[in-house]
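Visitor: I am new to this structure and would like a close look at a single part of it. Please take me through that part slowly, and then show me what lies around it.

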Amino acid sequence: MKSGLFKSLGSIHRYSWISLLVCWVIWIINAYDREIILRLGPSISESLDLSPDTWGIIASLIMLSLAIMPIPGSALSDKYGGGEKRAKFQVPLVIGMAVLSFISGLKLISSNIVLFLALRFGVNLGAGWGEPVGVSNTAEWWPKEKRGFALGAHHTGYPIGSLLSGVMAAAVLSWFGADGWSYAFFLAVFIAVPVMLFWSKYSTKDKIVALYQDFDAKGLTRPDAIENLEGRAKGLLRKTVMTPAITITAVTTMLTQIVYMGVNTVLPPYLYNIVGLSLAESAGLSVVFALTGIFGQIIWPSLSDKIGRKPTIIICGIWMSVSVAALYFATTSLLVVIVQLIFGLVANAVWPIYYAAASDSAPDGGTSTANGVITTAMFIGGGIAPVLIGRLVTIGGGWEASAGYVYCFLTMAGFALLGAVVQMFVRQPGRLRV
């Protein structure tokens, strides 16, 4: 499969690759800004004297804000237009998110819990809005036959952004001490502004037309038609949510996100309070799974182009369930690393497959709206996870008792398995020739 994949990818037009590179960098920024607050959880809790429940509620409010804009924002994006128009739609979203994040890192803001929470809420409104738009933008610059690969490669930006958040959190805490945690929010704006200014200039209608003519010449399938989307936006959301393949995949997405965000929330305090690492070590070691996550996002989505989205999602769900349950046995730093690496092979891989499955089943002109439904379900799961984790840790005896962490690992394993089971009720559209 590998040699065939590389050979077929060699014929893909350079416009597709450049668009993928730009959307990939945007995705790194999005992932970094979203996850850095989880890496800093123990530092923020300690400096503001927060209980597990209180920190869980704060983290949940911030994560739930991600779920507010994906559907209305995606519908607005579809109405504005696809292709080069959608690319330009991204520009103010990404820059605005990065600027708000920078402001939230100022000491004047971060020392006031209300102002800080309000700013991070605003950052995640933009991040949640931008995710389905970015996914759709990637899908529109690639032929359908390579959608799984393209979205998988695009989503390798997430584990890299996640890994970067751990590295930066550890570095900032080491350089400035526990009181300097908010400086980690300064990074995104310095990457976002130049990248988005380039994307605004590069994305043109002429390039999209030339790209689609190249698809035709090579016998590849164009993405959904993107012309005159304004006239087809009416009733699009209803058609989208009435499509079983999209709504059931959204259920799986929500369950999986509870697992993913649960691991992100529970690992830093687990490493700090139970394994006995420092705050900086806990922040850095809690993102090891991102290393294998990069490879998983190429392997599994590409495989889904071959064997179908449904069987791939089921395999990944079972894998995730077993590996998360194995955290029960990870009582040393070495075991935590090993289990994370196994978990990482599927932890980030499932999201592009969910998006590809939704895009495959989307009604005409509704790619971004379908992806918005998936994103909303995902962020609802992300909002549930911190509250659930905080409650389970509290029931188990608080930050320094191991029982609560065991409850978390086993509960998340159950959610991952349930997400795989519901996929058995999905009927997918026919596969395209690869």
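Which residue forms a salt bridge with R309, and how far apart are the closest N and O atoms?

Guide: The model is a predicted one, and in it the partner of R309 is D360, with the closest N and O atoms of this salt bridge 2.7 Å apart. R309 belongs to helix 17 and D360 to helix 19, which covers residues 350-361, so the pair ties together parts of the chain that are 51 residues apart in sequence. The two partners differ in their cover: R309 has a relative accessible area of 7% and is therefore buried, because buried means under 20%, whereas D360, with a relative accessible area of 29%, is partly exposed. The pair also belongs to a network, in which salt bridges that share partners join R147, D305, R309 and D360.

In general, side chains of opposite charge can pair when their charged atoms come close. The structure holds 10 salt bridges, and two others can be set beside the one we began with. In one of them the side chains of D33 and R120 meet, at 3.9 Å from N to O. This pair links distant parts of the chain, since D33 sits in helix 2 and R120 in helix 8, residues 113-140, with their positions 87 residues apart in the sequence. D33 and R120 are both buried.

Another salt bridge joins E140 to R86, and here the closest N and O atoms are 2.6 Å apart. E140 is also in helix 8, while R86 is in helix 6, residues 84-104, so this pair ties together parts that are 54 residues apart in sequence. With a relative accessibility of 4%, E140 counts as buried, and R86 counts as buried as well, at 1%.

From R309 we can also follow helix 17, which runs over residues 309-325, towards the surface, for this helix and helix 21, residues 402-422, each supply at least two residues of a nonpolar patch. The patch is formed by I318, V322, L417, L418, V421, M424 and F425, which together have about 670 Å² of accessible area. Helix 21 gives the most to this patch, with 3 residues. V322 is a member that lies in helix 17, and at 54% relative accessibility V322 counts as exposed, because exposed means over 50%.

For the interior, a probe is of use: rolling a probe the size of a water molecule over the atoms shows where empty space is left. The count comes to 7 cavities of 30 Å³ or more, and about 70 Å³ of space lies in the largest cavity. The lining of that largest cavity is made up of W27, R34, E131, H155, Y158, Q257, Y260, W351 and M378, which divide into 5 nonpolar, 2 polar and 2 charged residues. Helix 2, residues 14-39, supplies at least two residues of this lining, and so does helix 14, residues 244-275.

A last place to look is G381, found in helix 20, which covers residues 367-395. At 0% relative accessibility, G381 counts as buried. G381 and M254 are 127 residues apart in sequence, yet their C-alpha atoms are 4.5 Å apart in space.

Conventions. Residues numbered from 1 in each chain as written. Predicted model: local features only at pLDDT ≥ 70, side-chain atom pairs only at ≥ 80, totals over all residues. Heavy atoms only, no water. Patch = residues over 30% accessible without salt bridge, like charges linked within 9 Å, V, L, I, M, F, W, Y side chains within 5 Å. Areas by Shrake-Rupley, 256 points an atom, 1.4 Å probe, with all protein chains shown as cover. Salt bridge = Lys/Arg side-chain N within 4 Å of Asp/Glu carboxyl O. Helix = DSSP H or I, 4+ residues; strand = E, 2+ residues; numbered from the N terminus. Buried < 20%, exposed > 50% of the residue type's maximum accessible area, 1.4 Å probe, protein only. 1 Å grid on protein atoms, 1.4 Å probe; cavity = no way out; pocket = protein on both sides within 12 Å on 5 of 7 lines; lining within 4 Å. Points joined across faces, edges and corners; volume = space filled by probe spheres on them. Nonpolar A, V, L, I, M, F, W, Y, C, P; charged D, E, K, R; others polar.
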